[in-house]
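User: I should like to learn how to read the features of a model such as this one. Please take a single side chain as the starting point and proceed from there.

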Amino acid sequence: MIRVEGLTKRFADDVAVAGVDLSIASGEFFAILGGSGSGKTTLLRMIAGFERPDRGRILIDGADMTDAPPHRRPVNMMFQSYALFPHMSVARNVEFGLRQESVRGPELRRRTEEALDLVAMRDYAERKPHQLSGGQKQRVALARAIVKRPKVLLLDEPLSALDRKLREQTQLHLIDVQQKTGVTFVVVTHDQDEAMTLASRVAVMNKGRIEQVDAPRALYAQPVNRFVAGFIGATNLLPAEASGEGFLGEGVAGFLVAAAPVAGAGPFWIAIRPENIAISAPNAHLPRSNAENGRVEGLSYHGDHTVYFVRAEGGALLRAARFNAVHAASAFHVGDDVTLAWPPEAITVLRS
């Protein structure tokens with residue numbers, strides 16, 4: 001549905017988007033994820049037609065839309081602010097785009113009601129925006145975007161104004177609407193949990209470039225570099241040197257052995273997710289590899305799990321996560337001596 005080829009955009013001396021190539025399938029729920037200044041919103045605005053690229057092409061449903069104005073593109077955009085007209089009722093807000101296209105009479109009423117039913121807002125049709133909650137405003141904005149039946153819906157940080165509980169509920173609602181309509185959804189967000197929940201595939205952006213495009217599970221388990229490993233979830237990242245059948249990691253005394261062999265020269269980085277590190281009472285007889293004695297320097301309680309910050313004997317500060325329901329009787333405290341251990345399968349070896 002969308003193909004971007006070599007897209008580049010500069011603002012003065014700042015390169016916002018640097019030669020991006022990207023393909024998004026028809027009917028896909030796709031996320032563009034990145035921090036502030038990564039170029040994600042600029043990329044979305046170029047797809048929408050609000051920014052002109054300096055180089056590259058944008059094809060939508062097979063047609064070259066690089067120079068087409070926004071109203072000539074088969075897309076609609078839902079803005080972060082929702083941009084509802086305060087003097088109009090919910091129904092009038094939703095039907096506004098249809099009226100601009102000269103849709104009138106029974107057809108106007110039918111399509112407006114269908115859109116309101118889709119977002120469960122028909123009972124609020126006569127209310128004004130100031131009479132709605134944040135989540136209700138979000139649903140009205142979604143209905144207004146969907147009612148014109150675009151081939152692509154672009155969503156710019158659509159849930160950032162909502163509190164956490166409402167955001168989680170609305171995520172499920174967005175997924176339901178996308179599946180019912182079959183419209184291609186492209187969401188831009190800085191929230192990794194939001195991207196991983198909503199999308200079937202995620203593009204991770206950094207400094208105007210796409211670092212990796214993959215399914216959420218693959219991004220987490222198989223990051224291609226240390227930026228993605230550190231940006232998606234929490235991880236322990238250690239510079240390492242190859243040594244025999246394994247690695248010597250900076251700041252750890254033990255030998256590191258990964259399950260998958262790695263050929264060629266370094267430099268290397270070792271990534272280990274905190275939930276893959278077992279924490280236990282100190283062990284005087286450590287195995288030769290993938291184990292480290294240390295001392296708890298801090299902890300972070302998260303209800304269902306606790307993250308322990310352990311200073312290894314080699315000097316590295318490692319994070320280990322533990323489910324509280326399973327280990328409630330054996331919690332550790334700041335100052336406790338402990339042993340950390342992890343299997344070879346827990347190690348991801350990265351080259352950059």
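Analyst: K180 is exposed, with a relative accessible area of 58%. Here buried means under 20% relative accessible area, exposed over 50%, and partly exposed in between, with a 1.4 Å probe and protein chains only. The model is predicted, so local features need pLDDT of at least 70 and side-chain atom pairs count only at pLDDT 80 or more, while totals for chains, interfaces and linings use all residues. Residues are numbered from 1 along each chain as its sequence is written, and side-chain values use heavy atoms, with hydrogens and water left out.

User: With which residue does K180 form a salt bridge?

Analyst: Side chains of opposite charge can pair when their charged atoms come close. A salt bridge is counted when a side-chain nitrogen of Lys or Arg is within 4 Å of a carboxyl oxygen of Asp or Glu. K180 meets D176 in this way, at 3.1 Å from N to O. D176 is partly exposed, at 28% relative accessible area.

User: How far apart in sequence are K180 and D176?

Analyst: An α-helix has 3.6 residues a turn, so residues three or four places apart point the same way. K180 and D176 are 4 residues apart in helix α5 (residues 164–181), which means that about one helical turn separates them. Helices are DSSP runs of H or I with at least four residues, strands are runs of E with at least two, and both are numbered from the N terminus.

User: Where else does a salt bridge lie within one helix?

Analyst: Helix α2 (residues 90–100) holds both R92 and E95, 3 residues apart, or about one turn. Their side chains form a salt bridge at 3.3 Å, N to O. R92 is partly exposed at 41% relative accessible area, whereas E95 counts as buried at 8%. The buried residues of α2 include V90, A91, V94 and L98, and among the elements that cover them are α3 and α4. S102, with a positive phi near 65 degrees, follows α2.

User: Which salt bridge links distant parts of the chain?

Analyst: E114 and R149 form a salt bridge at 3.8 Å, N to O. E114 lies in helix α3 (residues 105–118) and R149 in the loop between α4 (134–146) and β7 (152–156), 35 residues apart. Both partners are partly exposed: E114 has a relative accessible area of 39% and R149 one of 49%. The count of salt bridges under this rule comes to 21.

User: What does K40 do in place of a salt bridge?

Analyst: In the scheme used here Lys and Arg count as positive and Asp and Glu as negative; His and the chain ends are not counted. K40 is buried yet has no salt bridge, and E157, the nearest side chain of opposite charge, is 4.2 Å away. K40 lies in helix α1 (residues 40–48). Its side chain reaches the backbone oxygen of G35 at 3.1 Å. Apart from neighbours within four places in sequence, the residues in contact with K40 (heavy atoms within 4.5 Å) include I32, L33, E157, H190 and M205.

User: I32 and L33 bring us to a strand. How should the two faces of β3 be read: buried or exposed?

Analyst: In a regular strand the side chains alternate between the two faces of the sheet. In β3, F29, A31 and L33 on one side and F30 and I32 on the other are all buried. The strand spans residues 29–33, and 5 of its 5 residues are buried.

User: Which strands pair with β3?

Analyst: Strands of a sheet pair through backbone hydrogen bonds, either parallel or antiparallel. Two strands are taken as paired if DSSP finds at least two bridges between them. β3 runs parallel to strand β8 (residues 184–189), with 5 bridges, and A31 stands opposite V187 in β8. Strand β9 (residues 201–206) is also parallel to β3, joined by 4 bridges, and there I32 faces A203.

User: Where is antiparallel pairing found?

Analyst: An open sheet of 5 strands, in the order β15-β19-β16-β17-β18, is paired in the antiparallel sense. β15 (278–280) and β18 (317–323) are its edge strands, each pairing on one side only. Strand β17 (residues 305–312) pairs with β18 over 7 bridges, and Y308 stands opposite A320 in β18.

Key. A polar contact is a pair of N or O atoms within 3.5 Å; within protein, one must be able to donate a hydrogen and the other to accept it, and residues adjacent in sequence count only if both atoms are side-chain atoms.
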